[in-house]
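Visitor: I'm new to this one. Could you take me through a single part of it up close?

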Amino acid sequence: MSSALTPQSPSQVQAVAPVAVRKLKSESQWSLAWRRLRRHKLAMFGLFTLILIVFMSISADWLAPYPYDEIDLGKAYAPLMSPGGDGLPAHILGTDKLGRDILSRLMYAGRISLTVALATTILTMLVGTIMGAVAGSFGGWVDNILMRFADLMLTLPDLPILLILSSSLRQNQALTEFLGSNASVIIIIIILVVFGWMGVSRLVRGSVLTLRSQEFIQATQALGGSRARVIFSHLVPNSIAPIIVAATLGFGAVIISESALSFLGFGVMPPVPTWGNMLNEARNSPLEYLFTQALSPGFMIFLTVLSINFLGDGLRDALDPRLKL
Amino acid sequence: MSDNGALLQVDNLVKYFPIMRGAVIRRQVGAVHAVDGVSFNIHEGETVGLVGESGCGKSTTGRTILQLYRATSGSVMFEGHNLVTMKGEELRKMRRKMQMIFQDPYASLNPRMTVGDIISEPLLVHGLANRKQAEERVQELLRLVGLNPAYANRYPHEFSGGQRQRVGVARALSLQPSLIICDEPISALDVSIQAQVVNLLEDLQKQFNLTYLFIAHDLSMVRHISTRVAVMYLGVIVEFADRDELYENPLHPYTQALLSAVPIPDPLAEEKRQRRVLQGEIPSPVNPPSGCRFRTRCPLAAEVCAQVRPDFREVKPSHFVACHMVA
């Protein structure tokens, strides 16, 4: 039939706008989004800062002046810019109560904190989006069961359960052997995901419910699209804005939760530093040292969360083709 | 009314939407009788117009035929297969041959997909083309509906209403269906654009021997495009006849009232036009009147109309009416 697909009637010929045919191969949707993101100054600032922080953490082995667990009790609470010993590098941000170099610990801490935050956020969004989209698009008893389950999870007091779970999971020999040396990190990620997906799933469900009755969803059904296609290529992409906002807010919350867990002694175990447990160690330091002890990890958390928020803001806009940027 | 030569044969189609109450223990307290025993047929290559006022069940009829809503009862025979009992993969395969053009050109296109992706989606869903072939086919289809093929990479919001509706037409055409249900495809468009889209639909029909079910409330547009016309009122078809027969010799009092409301574009004739204004409001489809649906507003209503539901009879060759008062 394709040979017959040429316009024959005059009305069609007229309707073709006399626009010069521009390049047929235009850029892909991702490069379009990237171009739009680049115009968002704050997002680019966020992206740049994040890359810097990630780079700093990854290359801590080479860049850090000291190992994170090198104790020098003679130099406890050294102030900013205090010189190191014979031929050793200076303690730019001072030392903590055990004489460990704070800058080095900050760099190593970024590894754990960023890994936990990133993995938790991605997994939370994944689980929450799937749960919410399935609940919203199926409706009926599927929706009821999934959402009542989410309600149940929300009513559980998470902090006590987090504590019980993390300590009992850590004592489970088989599990720790299976997870290897990173057991405490992986356990924290799992716990934060299991208790963190409900908010996202509600957001996504709400957005899916409003989208579900739109004609383009019915159009997909009418042309024979499967339910999976309806969910993953129509409902979820159109719910991306609330998902990104939830992810950027969640990222900061995860860093804080991890520090809360570490504070209570159920998070990542010392001497491995995270921004969270460094913050909590600062709690015991004398007032005059609080500035270097608490503000340096605090500033890293602040900077990371801020960058992620800027980046998320830009991403949300860049991924919406309707916005003129 | 059955007809073996018909492409689509709808028999006694019923669609009730349940009304549920209660938060925990949900129970049905009633039903919206959206479509209540609709029968008609469509022959290959013709256009059947389906008219009626807002809320009378026109769109629901169209969507139930396509199984976007599952029918409460009745049958829809399409090319000899009953769609109502069909499920899953079988039905999905069947959808290749019947497509739909939607009313709202703003809501019926996914705002996050490019026009090219929208038009090629049916091909990819049914595995009829790989990416490259689909791309070529998109160019072809865009040209066919009068759009610049270079627009394939643009998003729907960059188009006007009329252009978007052309995209919707291209999407419906991409699978080369035999039946297209046009659900008020022009009601959301400007008058000048309406004519363009209707002409496009007519041209495509000639080119590809398409069959249309054309749902609309614009009586003059339906007269222009249809070969036969069905008039719907509150979930039932009250009259079904050839276009000229229906417009020149309407038998059902509702059709007569409806047609008397069409203005005539001639001042002298327009002055003499006798309007038959119906009394009252359209009853709720939750509690439709007993017997004849139209009796509460009918100038001819008699005792029998409240008790017996009128048969849909063939009073003249291929002119069907559901009214006790028509001889």
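Guide: Happy to; here is a walk through the nonpolar core, followed by a sheet and a chain. This is a predicted model, so to speak of local features takes a pLDDT of at least 70, side-chain atom pairs count only at pLDDT 80 or more, and totals for chains, interfaces and linings use all residues. Residues are numbered from 1 along each chain as its sequence is written, while chains are lettered from A and ligands numbered from 1 in the order in which they are written.

The largest nonpolar core has 149 residues. By nonpolar core I mean buried Ala, Val, Leu, Ile, Met, Phe, Trp, Tyr and Cys residues joined through C-beta atoms within 7 Å; buried means 20 or more other C-beta atoms within 10 Å of the residue's own, with C-beta atoms placed from the backbone. Helix α5 of chain A, residues 102-138, gives the most to this core, with 14 residues. (Helices are DSSP runs of H or I, at least four residues, and strands are E runs of at least two, numbered from the N terminus.)

F214(B), V231(B) and I237(B) have the most contacts inside the core, a contact being C-beta atoms, placed from the backbone, within 7 Å. Leaving out residues up to four places away in sequence, I237(B) touches V38(B), F40(B), A230(B), V231(B), M232(B) and F312(B).

Chain B also has an open sheet of four strands, ordered β2-β1-β4-β5 with antiparallel pairing; strands pair if DSSP finds at least two bridges between them. Its edge strands are β2 (27-43) and β5 (81-82). Two bridges join β4(B), residues 73-78, to β5(B), and M77(B) has N82(B) as its bridge partner there.

Chain A, meanwhile, has 15 helices and zero strands, and 39% of its 325 residues count as buried.

Methods:
Buried ≥ 20, exposed ≤ 12 C-beta atoms within 10 Å, placed from the backbone. Contact = placed C-beta atoms within 7 Å.
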